[in-house]
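Please open the structure in the viewer and keep the selection tool at hand. The tour proceeds by selections, each followed by a description of what is found there.

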Amino acid sequence: MLKLEDFGITLRRVTALVWAGAACAIITAAVAILIYCLFGIGLARIAKKCGDKKSFYAYLPFLRYIALGKLAPGSEKNKKTFSLLLPVLCAAQFVILTVTYAMLTVAAAGLVFAAENKPGSAIALSALYKFPVAYCIAAVIITAVIMLATKAAFVICYYGAFTAAMGKTAKATLFTVLAALCCPLGEVLLFIASREKEENAALAEDTAADAETQADKE
């Protein structure tokens with residue numbers, strides 16, 4: 001009689017895997033919460049310094065994209081457009097991804113059922129699974145287009161945020177490129193950029209105070 005131990009499945013290994021999985025889940029959740037908070041704090045600082053009266057949007061799950069969109073470079077009209085475009089693209093991406101995954105699941109199930117049937121009935125079943133497969137291809141193409149548009153909008157908004165914090169410098173461009181390559185990294189860099197502006201402002205104030213003191217002594 002076969003036992004689980006014959007396949008290397010023991011209580012100790014299962015327990016270790018469960019604890020390892022739980023630890024990974026906790027660490028992942030903690031990192032995600034940390035990045036979320038850093039992004040919110042950095043975005044709120046930059047938005048407030050740019051005159052946004054609703055900078056608290058940066059702490060809210062969906063409205064933060066409105067605050068980020070307002071930092072897009074260009075005229076005031078472009079900022080208003082991006083403040084609505086970015087959240088709309090994010091919502092559209094979520095919806096289309098959900099629909100595409102559902103359609104792919106249905107198509108895969110149809111293919112499996114068709115493969116398990118006899119050759120005589122495969123022709124009739126092929127009409128059932130080719131129809132959703134054609135729509136799956138269209139859904140994948142639409143999903144790719146929306147994801148690229150969302151990515152491009154994020155890059156533009158990140159560039160506006162970084163330049164608002166650090167000016168049109170090479171460092172702002174570098175941060176934008178890194179944000180385009182890795183979105184979580186961009187959220188952390190936004191926090192770093194907001195701190196850098198504060199440190200520069202404090203340094204400028206100290207320098208001005210020292211200059212005034214030196215002038216008084218003279």
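Begin by selecting Tyr65, which is partly exposed, with a relative accessible area of 22%. The model in view is a predicted one. Tyr65 falls between the two limits because a residue counts as buried under 20% and as exposed over 50%.

**The aromatic cluster**

Keep Tyr65 selected and add Phe154. These two residues form an edge-to-face aromatic pair, with 5.5 Å from centre to centre and 85° between the planes. The pair links distant parts of the chain, since Tyr65 belongs to helix H2 and Phe154 to helix H4 (residues 119–166), 89 residues apart. Is Phe154 buried or exposed? Phe154 counts as buried, at 13% relative accessibility.

By the ring-centre rule, the structure holds six aromatic pairs. Add Phe62 to see another of them: Phe62 and Tyr65 are also edge-to-face, at 6.2 Å centre to centre and with 90° between the planes. Phe62 counts as partly exposed, at 40% relative accessibility.

Now extend the selection to Tyr158, Phe162 and Phe175. Together with Phe62, Tyr65 and Phe154, these residues form one aromatic cluster.

**The whole chain**

Clear the selection and display the full chain as a cartoon. The chain has six helices and zero strands, and its elements run α-α-α-α-α-α from the N terminus on. Of its 218 residues, 28% count as buried.

**Helix H1 and what follows it**

Select residues 11–49, which make up helix H1. How far apart are the end C-alpha atoms of this helix? They are 57 Å apart, and this agrees with the span of 57 Å that 39 residues should have at 1.5 Å a residue.

Within H1, colour the buried residues: Ile35, Leu38, Phe39, Gly40, Gly42, Leu43, Ala44, Ile46 and Ala47. When looking at their arrangement, it is useful to recall that an α-helix has 3.6 residues a turn, so residues three or four places apart point the same way.

Next, select Gly51, which follows H1 and has a positive phi, near 90°.

Move on to Phe56, in the loop between H1 and helix H2 (64–69). Phe56 is partly exposed, with a relative accessible area of 46%. Add Tyr59 and Leu60 and switch to a surface display: with Phe56 they make a nonpolar surface patch of about 290 Å².

**Charged side chains**

Select Arg64 together with Tyr36. Arg64 lies over the face of Tyr36, at 3.7 Å from the ring centre.

Side chains of opposite charge can pair when their charged atoms come close. How many salt bridges does a search of the whole structure find? The search finds one. To view it, select Lys70 and Asp52, whose side chains meet at 3.5 Å, N to O. Lys70 lies in the loop between H2 and helix H3 (76–116), and Asp52 in the loop between H1 and H2, so the pair ties together parts that are 18 residues apart in sequence. The two partners can also be inspected for their accessibility: Lys70 is partly exposed, with a relative accessible area of 28%, whereas Asp52 is buried, with 15%.

**Helix H3**

Select Lys80, which is found in helix H3. Lys80 is exposed, with a relative accessible area of 54%. Add Gly69: the C-alpha atoms of Lys80 and Gly69 are separated by 7.6 Å, and the two residues are eleven residues apart along the chain.

Follow helix H3 to Val95. At 48% relative accessibility, Val95 counts as partly exposed. Then add Thr143, which lies 48 residues from Val95 in sequence and 9.5 Å from it in space, C-alpha to C-alpha.

**Helix H6**

For the final stop, select Ala193, in helix H6 (residues 183–217). Is Ala193 buried or exposed? Ala193 is buried, with a relative accessible area of 0%. Add Ala172 to complete the view: Ala193 and Ala172 are 21 residues apart in sequence, and their C-alpha atoms are 8.4 Å apart in space.

Definitions and conventions: Residues are numbered from 1 along each chain as its sequence is written. This is a predicted model: local features need pLDDT of at least 70, side-chain atom pairs count only at pLDDT 80 or more; totals for chains, interfaces and linings use all residues. Side-chain values use heavy atoms; hydrogens and water are left out. Helices (H or I, at least four residues) and strands (E, at least two) are DSSP runs, numbered from the N terminus. The expected span of a helix is 1.5 Å times one less than its number of residues. Buried means under 20% relative accessible area, exposed over 50%, partly exposed in between (1.4 Å probe, protein chains only). Patches are made of residues with over 30% relative accessible area and no salt bridge: like charges are joined within 9 Å, nonpolar side chains (Val, Leu, Ile, Met, Phe, Trp, Tyr) within 5 Å. Accessible areas come from the Shrake-Rupley method with a 1.4 Å probe; for residues, only the protein chains shown count as cover. A salt bridge is a side-chain nitrogen of Lys or Arg within 4 Å of a carboxyl oxygen of Asp or Glu. Rings of Phe, Tyr and Trp (its six-membered ring) pair if their centres lie within 6.5 Å; planes under 30 degrees apart count as stacked, over 60 as edge-to-face and the rest as tilted. A charge sits over a ring if NZ of Lys or CZ of Arg is within 6 Å of the ring centre and within 35 degrees of the ring normal.
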